[in-house]
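Q: I am in my first year and would like a close look at one part of this protein. Could you take me through the sheet and what packs against it, slowly and with each term explained?

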Amino acid sequence: MTVASQGRRASSQPPRSGSLDSLVLDLLEWLGPDPRPYAEVLDAWRTSCPRLPVWEDATDRGFIRRHRGPEGGTFVSVSAAGAEYLGTHRPPPATAP
């Protein structure tokens with residue numbers, strides 16, 4: 001594995017067992033389609049439990065993207081890989097006709 005690929009895992013891999021993958025999916029779903037301020041995301045998803053590194057795992061897997069807003073400030077959004085992973089492992093509910 002190269003240094004560049006060590007921190008990234010393919011979005012097509014199956015979900016991990018246990019609560020961590022479920023929480024990663026919860027985070028991606030919570031982020032939604034619009035960017036949120038970085039401070040808001042960290043405040044809502046911070047944890048002191050080293051056994052549930054939701055933010056770190058989602059970031060390492062390339063599911064989260066941090067970027068600067070047009071007027072400054074850091075924002076967080078779901079990356080293309082994160083959206084694909086969320087859509088594959090937790091598709092939106094079907095709408096009734």
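A: What follows starts with the whole chain, then turns to the sheet, the helix that packs on it and the core. This is a predicted model, in which local features need pLDDT of at least 70 and side-chain atom pairs count only at pLDDT 80 or more, while totals for chains, interfaces and linings use all residues. Residues are numbered from 1 along each chain as its sequence is written, and side-chain values use heavy atoms, with hydrogens and water left out.

The protein has five helices and three strands, where helices (H or I, at least four residues) and strands (E, at least two) are DSSP runs numbered from the N terminus. Along the sequence these elements follow the pattern α-α-β-α-α-β-β-α.

The three strands form an open sheet in the order β1-β3-β2, with antiparallel pairing; two strands pair if DSSP finds at least two bridges between them. At the edges stand β1 (36–37) and β2 (64–68), each of which pairs on one side only. Between β2 and β3 (residues 74–78) the antiparallel pairing runs over five bridges, and Arg-65 stands opposite Ser-77 in β3.

Helix α2 (residues 19–31) packs on this sheet and touches β1, β2 and β3, a contact being heavy atoms within 4.5 Å. The direction of α2 makes about 115° with that of β3; here axes are lines fitted to C-alpha atoms, for helices over the stretch in contact, and angles run from 0 to 180 degrees between N-to-C directions.

The same helix also matters for the largest nonpolar core, which has 17 residues, since six of them, the largest share, come from α2. A nonpolar core is a set of buried Ala, Val, Leu, Ile, Met, Phe, Trp, Tyr and Cys residues joined through side-chain atoms within 4.5 Å, and buried means under 20% relative accessible area, exposed over 50% and partly exposed in between, with a 1.4 Å probe and protein chains only. The residues with the most contacts inside this core are Val-24, Leu-27, Leu-28, Leu-31 and Ile-64. One of these, Leu-27, touches Trp-45, Val-54, Trp-55, Ala-58 and Ile-64, not counting residues up to four places away in sequence.

Across the protein, 30% of the 97 residues count as buried. Of the contacts with a separation of 6 or more, 62% come from residues 24 or more positions apart.
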